[in-house]
Amino acid sequence: MTAAAQLIDATKKYGSVEALKGVRLDIELGDVVAMLGPNGAGKTTSISLLLGLRKPTSGKALLFGMDPTNVLARSRVGVMLQESGVPQMLKVSEIVDLFRSYYPNPLPRDRAIAMAGLEEKANSLVKELSGGQRQRLYFALAVCGNPDVLFLDEPTVGMDVEGRRSFIERIAEFAHMGKTVVLTTHYLEEADQLARRVIVIDRGVVIADAPPAEIKSKVAGKRVRFVAPAVDEKVLQGLPVSAVTIKDGSVQLLTNQPEAVLRALFQRGVEISELEVSGADLEDAFIALTQH
Amino acid sequence: MWPMLVRQTRAEFLKLWRVPAFSATSLLLPIVFYAFIGIGQASQVLQGSHVTFGAYFLASMSVYAVANVMIFSFGISVATERGMKTDLLMRATPLPPLVYLLSRCITAIVFAALTLAVLFPFAYIAGGVRLEAEQWFTLAYRVLLGSIPFIALGFAIGYLSGPNSAVAVINLIYLPTAFASGLFFPKQLLPQIIQNISPYLPLYRFGQLGWDAVGAPTSESVSTDWLYLIGYGIVFFAIAIWAYRREESRKFS
């Protein structure tokens, strides 16, 4: 199987800050991958290296086995960057056409515009688009070249819930075409919904790389939440809990034995209100994995 | 590569054409200056020659217009794209940097030619400027060829300034320099201090090429003017390349 994109022991330093520390990453053709991590984890840096926008301080980045700055590699890749811009005084149809001309086998223009839901705005100038419409334009520009691999760096940041939901559907549509998708996000629902493989990255290091279900199973299965003023960690001593967060009297923890934990808390005289017990989702797994 | 170049050039042209602050100003400002300053004394003959003020001012405004197009279209568009982060996105596409550069150069030359296509007939009709065919032609090609150093200057400014400061920098420097270079009235009418500096200004040397083409008297020979321009060209290119490399190592290394 050909690796679509690889980082081989890639390290990236900005001055004295080490954004990536010897990261090893292999993305195969057909993967639908979400890179999950808090801000500053190294997600954007990883993408920048894979796209040849930045060079690794040591180690290597490869796209289809080539240097990512190679035009042949770039012509098989579509990109939606976190920091991006487009000329304001071109029409949507004009700029989509322009980007299509950079690629050997582009999608038909109207198809690319339709995939982004911008049919009504096809003749508008870029500067007339709203924020959400502009994000969708970036998506159209990313897919119009009919790339084999689509890179999306935090594509739904700044969107409202509805916008995010429909955007994820568009990405899923693209993935169903058999394409490879690499998505970075700190929205855990996106990773959960879209990805067949989740790579958790924190402080420049990969700390997990598995399908979403497997990552969820690595951490305790139930999430318990309640409100208990004037409580601290001591009250949970000796209990089978993990990923404990206590803030202003709100407590959240993960456990495989919620009943035993609650019984112990009642016995220790803790007054509880607003109790919630639910299945741990990817968010909890994520917090558990990245908590220090 | 050619279809890509044609598409990219068309897009670059539309990007500038649709900004009236650039396109209308570039095409109309020289005519406005000519109408206010040139027409009134168009038939007056300059001292010590048989060239009319109308012809002299045509040469001045041709130089002004074309250098203006080069500096603005490269300076401001580069600075703006850096500010809007368009350069990041373009970088990730397979568009070869050479095509990107060529498309901008072609666009700038087209705009420069358009300004002359508007200015020349205006001077002929409203200013009564009459020149030999060869003189029209020499003026045109000298002005286009001599603008090359200003392309480099535009790039240098574009890579060194932010999007807001680029406009300010260019506006604050360009018009006064044009005055000091004797583009608006002959050098002799400027204060002595400025007269001492003007021969060293690139716009002055550029202006000399134009004035010589219409038969106005110039100090020194045309070859000296070309040498100055080539020298300035080398300096501006060196600065532009340095600024570009600095940008590369900051953003893309």
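In strand 6 of chain A, A:Phe151 is the bridge partner of A:Val79. Helices and strands here are DSSP runs (H or I over at least four residues for helices, E over at least two for strands), numbered from the N terminus. Strand 5 (residues 77-80) and strand 6 (residues 149-153) of chain A run parallel and are joined by four bridges; two strands count as paired if DSSP finds at least two bridges between them. A:Val77 and A:Val79 point one way from strand 5 of chain A, A:Gly78 and A:Met80 point the other way, and all are buried. A buried residue has 20 or more other C-beta atoms within 10 Å of its own, an exposed one has 12 or fewer, and a partly exposed one falls in between, with C-beta atoms placed from the backbone. In a regular strand, side chains alternate between the two faces of the sheet.

A quick word on conventions: this is a predicted model, where local features need pLDDT of at least 70, side-chain atom pairs count only at pLDDT 80 or more, and totals for chains, interfaces and linings use all residues. Residues are numbered from 1 along each chain as its sequence is written, while chains are lettered from A and ligands numbered from 1 in the order in which they are written.

**Chain A and its core**

Chain A has ten helices and 13 strands, and its C-alpha atoms fill a box of roughly 70 × 45 × 35 Å along the principal axes. Of its 292 residues, 44% are buried. Contacts (C-beta atoms, placed from the backbone, within 7 Å) with a separation of 6 or more come to 68% from residues 24 or more positions apart.

A:Phe151 turns up again in the largest nonpolar core, which has 87 residues; A:Val33, A:Ala140, A:Val143 and A:Phe151 have the most contacts inside it. Such a core is a set of buried Ala, Val, Leu, Ile, Met, Phe, Trp, Tyr and Cys residues joined through C-beta atoms within 7 Å. Helix 5 (residues 131-143) of chain A gives this core its largest share, six residues. Both domain 1 (3-216) and domain 2 (219-290) of chain A supply at least three residues to this core. Setting aside residues up to four places away in sequence, A:Val143 touches A:Gly78, A:Leu107, A:Ala112, A:Met115, A:Leu150 and A:Phe174.

**Two open sheets**

The table sets out two antiparallel sheets of chain A; angles are taken between lines fitted to C-alpha atoms (for helices, over the stretch in contact) and run from 0 to 180 degrees between N-to-C directions.

| Strand order (chain A) | Edge strands | Average turn between neighbours |
|---|---|---|
| 2-1-4 | strand 2 (17-28), strand 4 (58-63) | 20°, direction ignored |
| 11-12-10-13 | strand 11 (241-247), strand 13 (273-279) | 10° |

In the three-stranded sheet, strand 1 (residues 3-14) and strand 4 of chain A pair in the antiparallel sense over five bridges, with A:Ala5 opposite A:Leu63. Helix 1 of chain A lies across strand 1, strand 2 and strand 4, at about 120° to strand 1. Helix 1 (residues 43-50) is mostly covered, with eight of its eight residues buried. Just after helix 1, A:Gly52 takes a positive phi of about 75°.

In the four-stranded sheet, five bridges join strand 10 (residues 222-227) and strand 13 of chain A, which run antiparallel. One pairing matches A:Arg223 with A:Ser278 in strand 13. Helix 9 (residues 258-267) of chain A packs on this sheet, touching strand 10, strand 11, strand 12 (250-255) and strand 13, at about 25° to strand 10. Helix 10 (residues 282-290) of chain A lies across strand 10, strand 11 and strand 12, running at about 90° to strand 11.

**Between domains and chains**

The domain bounds of chain A come from an automatic or database domain assignment. The C-alpha centres of domain 1 and domain 2 of chain A lie 36 Å apart. Twelve residues of domain 1 are in contact with nine residues of domain 2 of chain A. The domain 1 side has nine nonpolar, no polar and three charged residues. In these classes, Ala, Val, Leu, Ile, Met, Phe, Trp, Tyr, Cys and Pro count as nonpolar, Asp, Glu, Lys and Arg as charged, and the others, Gly among them, as polar.

Between the chains, 23 residues of chain B are in contact with 22 residues of chain A. Helix 1 of chain B gives the chain B side its largest share, seven residues.

Note on methods
Contact = placed C-beta atoms within 7 Å.
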